[in-house]
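Me: I have a model open and want to go through its ligand site and a few elements. Take my questions one by one.

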Amino acid sequence: MSWHATILTLFPEMFPGPLGVSLAGRALREGIWRCEALDIRSFATDRHRTVDDTPFGGGAGMVMRPDVADAAISAAMPDGDARPLVYLTPRGRLLDQAMVRDFAAGPGVVLFCGRYEGLDQRVIEARGMREVSLGDYVLSGGEVAALALLDACVRLLPGVMGASESAVEESHSAGLLEYPHYTRPAEWQGRAVPPVLLSGHHAEVARWRRTQSEAATRERRPDLWNRMQVAGAQAPA
Ligand code: ADE
C-alpha cells in the first residue's frame, strides 16, 4: 500500500505542485505515495458555497465554518482511517524531524489547510486534529506548509532516496546543524577549501566536521544547543 496523503484545501490546484517533480515526483509516478487534494468548497451546502463567516465576539477576518470543515474531513477519512489528521496553523506545535519521521512511518496523513483567520475551534477539538506549525511566521494559508511537511515525509519513504547516504548522515549529526560542504575547484575566487578536507585523514575530517557542526549550532540555534546539553546531561551513563 502506498503512503497516502489527502489534502483538504480551498486551492486543490496547488497539489502536488512542486512535489510532482524531482525526487517526490518520481516516487509519485512509481506509486510509492499518493497525493489527493479535495476542495473544501465542494462541501459547502448553501447556494453561494460559503465556507467562512464572521468571528463571534467580533474582530478582523473570517473564520472557517465547522460544519463545512467536518463534512470535508468525513469525505477524506472513511471510518477506520488510521491516518493522523493535521491542521496546519501558526498556533500549532513546531514541525520537527521527529514528527516527520513519525508521519512517514505511518500509513499517510490528512492535512487540513486553513485560510482566513482560522478554523472554528470546535471542529479542531471534535476531530482531535493535531495542530502543526511550520515556523514562527504567518503564511497566507496552510498549503505551503502542507507541501513542506509532505516533502519532508516523502524523502524518508523506503525507495525514495535510494542507497541514502543522506539518511545515515542525518542520524550521525542528530540534533546538530550540518557542517559546511565544499567541492571542486579547490580554490575559487581566491578562497581555498579548508586544508583538512584535502588531507585524506578521515578521523581528522570527522573531527573538523563535528567541531563545525557544534559551532554553527551554538551560534545560530542556541535553542537546539541547549536542548542537546540538557538531553546529554540526563542520558544514562
Ligand atoms: N498557516 C499560516 N501560517 C502557517 C505556519 N507558519 N505554519 C503552518 N500553517 C500556517
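Me: Which residues surround the ligand?

Reply: This is a predicted model, so local features need pLDDT of at least 70 and side-chain atom pairs count only at pLDDT 80 or more, while totals for chains, interfaces and linings use all residues. Residues are numbered from 1 along each chain as its sequence is written. A residue is near the ligand if its C-beta atom, placed from the backbone, lies within 6 Å of it. The shell is Leu 88, Thr 89, Pro 90, Ser 133, Leu 134, Gly 135, Tyr 137, Val 138, Leu 139, Gly 141, Gly 142 and Ala 145.

Me: Which strand gives the most to the shell around the ligand?

Reply: Strands are DSSP runs (E, at least two residues), and helices are runs of H or I, at least four, both numbered from the N terminus. One strand supplies three residues. That is strand 5 (residues 85-94).

Me: Is Tyr 137 buried or exposed?

Reply: Tyr 137 sits in the loop between strand 8 (130-133) and helix 5 (143-154). Buried means 20 or more other C-beta atoms within 10 Å of a residue's own, exposed 12 or fewer, partly exposed in between, with C-beta atoms placed from the backbone. Tyr 137 has 7, so it is exposed.

Me: On which side of helix 2 are Val 68, Ala 69, Ala 72, Ile 73 and Ala 76?

Reply: These residues of helix 2 (residues 66-76) are buried. The arc is taken from the directions from the helix axis to the C-beta atoms. They cover only 135° around the axis, so they lie on the same side of helix 2.
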